[in-house]
Each structure stands twice: as C-alpha cells, then as structure tokens.
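Reader: Please show me the structure. I would like to ask about its strands and how they pair.

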Amino acid sequence: MKTILITLMLILTPFFTMDNSTGAKNKNYQCTKCKTVIQSDHTPSSYNCRAGGTHNWQDLGAVGNENYNCTKCGTVVQSEKTPVSYGCPEKGTHNWSHLGHIGNNTYQCKKCGITITGDRTPSSYNCMSGGTHQWNKLN
Ligand SMILES: [Zn+2]
Ligand SMILES: [Zn+2]
Ligand SMILES: [Zn+2]
C-alpha cells in the first residue's frame, strides 16, 4: 500500500509543478521611492534602493499587453488592465493614461521623453509635459 502511494505521488508531482509554473503570473512592482518598475512573480528584494535605505515595493497588478503611463510620475507599465492607483511616487494616487497595445515598434514622445513599444502610433492624450504627446517612431 505504501509503495503504491509513493508511486502515485511520483506520477502526480510533475503535474503539480507544471501547474504552479503556468499559474504564477508576473506582476509589475514599482518602488515608490526610486520609481523603478520590474516584472516579477513575487515581491522583489528590498535591499539597496537608489533613493536610500530599502525599496518600498507597490504591487501594480498583472503584467499584460497594454501600455499605461502615469501623467504625474511618468511611469510606463505594461499591464493587462488599468494598474493599481496606490502609491504614486509623486504623492497620492497614479493618474493612468491608456496608450494602446504593445507591439514591435518603438515610439518616443519628443516632449516628455517616455519610450514605449506599440503596434501603431500610441494615443496622444495626456502628455505629462502638458497637452498632447508628440510621438516620434524610433524603429
Ligand atoms: Zn527603490
Ligand atoms: Zn504616478
Ligand atoms: Zn509626452
């Protein structure tokens, strides 16, 4: 009986492991002190924040195929839906603007300097330098 149980566990273990790896979704984490954004499936290490002391990571939600730009702090994230608004490094909540799908072209705004990848020219609304973005296709 014991042997059967062990054999059964050995057969099932790879399935559980596989399930875990596909189930773990990357999230965007941003440090509210130094503004760094990284994609990870767990809270990143807090050591050595560029702004001094330890990073203060804020979970911004699941990574996805849409570009969002905060018009207050300038952060750009690739998210599946509007990112979490808590913890804008510029105080209060983020002010997310949807810039379109991610793609193979790189665009930079001549005014605010953010660079994003898109399948076509990103939305021009809400440039953080005021007015509309002025997109320049880099490749
Ligand atoms: Zn930091
Ligand atoms: Zn912000
Ligand atoms: Zn801009």
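Author: What follows is a short set of questions on strands and their pairing. This is a predicted model, in which local features need pLDDT of at least 70, side-chain atom pairs count only at pLDDT 80 or more, and totals for chains, interfaces and linings use all residues. Residues are numbered from 1 along each chain as its sequence is written, and chains are lettered from A and ligands numbered from 1 in the order in which they are written.

Reader: What makes β1 and β3 a pair?

Author: Strands are DSSP runs (E, at least two residues), numbered from the N terminus. Two of them pair if DSSP finds at least two bridges between them. Four bridges join β1 (residues 27-31) to β3 (residues 57-70), so the two count as paired. They run antiparallel. K27 has A62 in β3 as its bridge partner.

Reader: How do you know that β3 pairs with β4?

Author: Five bridges join β3 to β4 (residues 76-79), in the antiparallel sense. The cut-off is met, so they pair. Y68 is bridged to V77 in β4. The two strands form a hairpin with five residues between them. In the turn, G74 has a positive phi of about 85 degrees.

Reader: What joins β3 to β5?

Author: Five bridges do, and β5 (residues 96-101) runs antiparallel to β3. N67 has G100 as its partner in β5.

Reader: Why are β7 and β8 called edge strands?

Author: Three strands form an open sheet in the order β7-β6-β8, with antiparallel pairing. β7 (115-118) and β8 (135-137) each pair on one side only. β6 (residues 105-109) and β8 share three bridges. C109 is bridged to W135 in β8.
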